[in-house]
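Subject: Handover of a structure and notes on what was found in it

Dear colleague,

I am passing on to you the structure we spoke of, together with the notes I made while going through it. Please keep the model open beside this message as you read.

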Amino acid sequence: MGKWLVLAVGIALLGLINYTIHSRETLRQEGRIVLLELAPVDPRSLMQGDYVALRFQVAEALGRDADDTEQPDGLLVLQLDEQQLGRFLRLDDGRPLARDEVRLRYRVRAGQVKLATNAFFFQEGQGRHYEQARYGEFRVAGDGDALLTGLRGADFSPLGAPSQ
């Protein structure tokens with residue numbers, strides 16, 4: 001009996017892992033592109049090993065409103081411009097979205113507003129290339145789930161891996 005239980009739990013766990021991977025890949029390929037402006041980061045923590053510490057202007061704007069709510073997690077509404085750059089509009093109140101609006105999930109942890117991630121990892125030795133980042137590129141699902149997919153420079157061009 002014990003072997004069958006372990007086997008069943010193992011199969012269920014593999015199914016859950018595969019479902020999570022599939023849903024993230026689907027989001028990465030089909031999610032709506034949303035750019036978020038980066039906020040200044042303490043220069044001492046900007047480059048730590050092989051990642052960039054990130055903060056977003058939207059999180060700072062939301063921070064003022066999030067302090068007034070008891071709910072540590074929720075959805076915010078962004079208004080997108082022609083470059084798909086998102087600006088904080090309001091906390092989500094359930095109203096239908098306009099064509100240029102998108103929902104984005106946030107969390108409040110230790111008094112800080114977090115959006116999807118606060119770090120971007122890159123290959124060792126490529127830190128200088130990513131210092132010019134001004135925007136985070138996200139793929140966002142209709143339910144507000146977001147995935148950071150890259151960084152962009154001041155001219156909105158993607159900062160792919162530098163050529164060798």
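What follows is an account that moves from the overall make-up to the sheets, the core and some single residues.

Please bear in mind from the outset that this is a predicted model, and that the values below are computed from it.

Overall make-up

The secondary structure comes to 4 helices and 9 strands, and, when the protein is read along the sequence, these elements follow the pattern α-β-α-β-α-β-β-β-β-β-α-β-β. Of the 164 residues in the protein, 33% are buried, while the exposed surface comes to about 10,400 Å², with carbon and sulfur atoms supplying 53% of it. As for the contacts with a separation of 6 or more, residues 24 or more positions apart account for 60% of them.

The sheet of four strands

In one open sheet, 4 strands take the order 4-3-5-6, and their pairing is antiparallel. Strand 4 (86-91) and strand 6 (112-114) stand at the edges of this sheet, and each has a single partner strand, so one side of each is left without a neighbour in the sheet. From one strand to the next, the twist averages 45°.

Within this sheet, strand 3 (residues 73-80) runs antiparallel to strand 4 and is joined to strand 4 by 5 bridges. Two of the residue pairs can be named here: Val77 has Arg90 of strand 4 as its bridge partner, and Leu76 has Leu91 of strand 4 as its bridge partner.

The hairpin of strand 3 and strand 4 has 5 residues between the strands, and Gln84 lies in that loop. Most residues other than glycine have a negative phi. Gln84, however, has a positive phi of about 70° although it is not a glycine, and with a relative accessibility of 27% Gln84 counts as partly exposed. Phe156 likewise has a positive phi of about 70° without being a glycine, and Phe156 lies in the segment after strand 9.

The sheet of three strands

A further open sheet has 3 strands in the order 1-8-9, again with antiparallel pairing. Its edge strands are strand 1 and strand 9, each of which pairs on one side only, and the twist here averages 30° from one strand to the next. Strand 8 and strand 9 run antiparallel and are joined by 6 bridges; in one of the pairs between strands, Tyr135 has Arg152 of strand 9 as its bridge partner.

Arg152 and its surroundings

Is Arg152, in strand 9 (residues 146-152), buried or exposed? Its relative accessible area is 15%, and because buried means under 20%, Arg152 counts as buried. The side chain of Arg152 makes a polar contact of 2.7 Å with the side chain of Glu137. If neighbours within four places in sequence are left aside, the residues in contact with Arg152 include Ile33, Leu35, Gln132, Ala133 and Arg134, along with Tyr135, Glu137, Ser157, Pro158 and Leu159.

The nonpolar core

Which residues touch the most other members of the largest nonpolar core? Among its 27 residues, these are Leu36, Leu54, Leu76, Leu78, Leu104 and Leu115. Strand 1 (32-37), helix 3 (57-66), strand 3, strand 5 (101-109), strand 8 (135-140) and strand 9 each supply at least two residues of this core. Leu76 thus appears both here and in the pairing with Leu91 described above.

The end of helix 1

Glu30 has its place in helix 1 (residues 2-30) and, with a relative accessible area of 62%, Glu30 is exposed. Although Glu30 and Arg139 are 109 residues apart in sequence, they are 7.7 Å apart in space, taken from C-alpha to C-alpha.

With best regards

Terms used. Residues are numbered from 1 along each chain as its sequence is written. This is a predicted model: local features need pLDDT of at least 70, side-chain atom pairs count only at pLDDT 80 or more; totals for chains, interfaces and linings use all residues. Side-chain values use heavy atoms; hydrogens and water are left out. Two strands pair if DSSP finds at least two bridges between them. Axes are lines fitted to C-alpha atoms, for helices over the stretch in contact, and angles run from 0 to 180 degrees between N-to-C directions. Buried means under 20% relative accessible area, exposed over 50%, partly exposed in between (1.4 Å probe, protein chains only). A polar contact is a pair of N or O atoms within 3.5 Å; within protein, one must be able to donate a hydrogen and the other to accept it, and residues adjacent in sequence count only if both atoms are side-chain atoms. Contact means heavy atoms within 4.5 Å. A nonpolar core is a set of buried Ala, Val, Leu, Ile, Met, Phe, Trp, Tyr and Cys residues joined through side-chain atoms within 4.5 Å. Accessible areas come from the Shrake-Rupley method with a 1.4 Å probe; for residues, only the protein chains shown count as cover.
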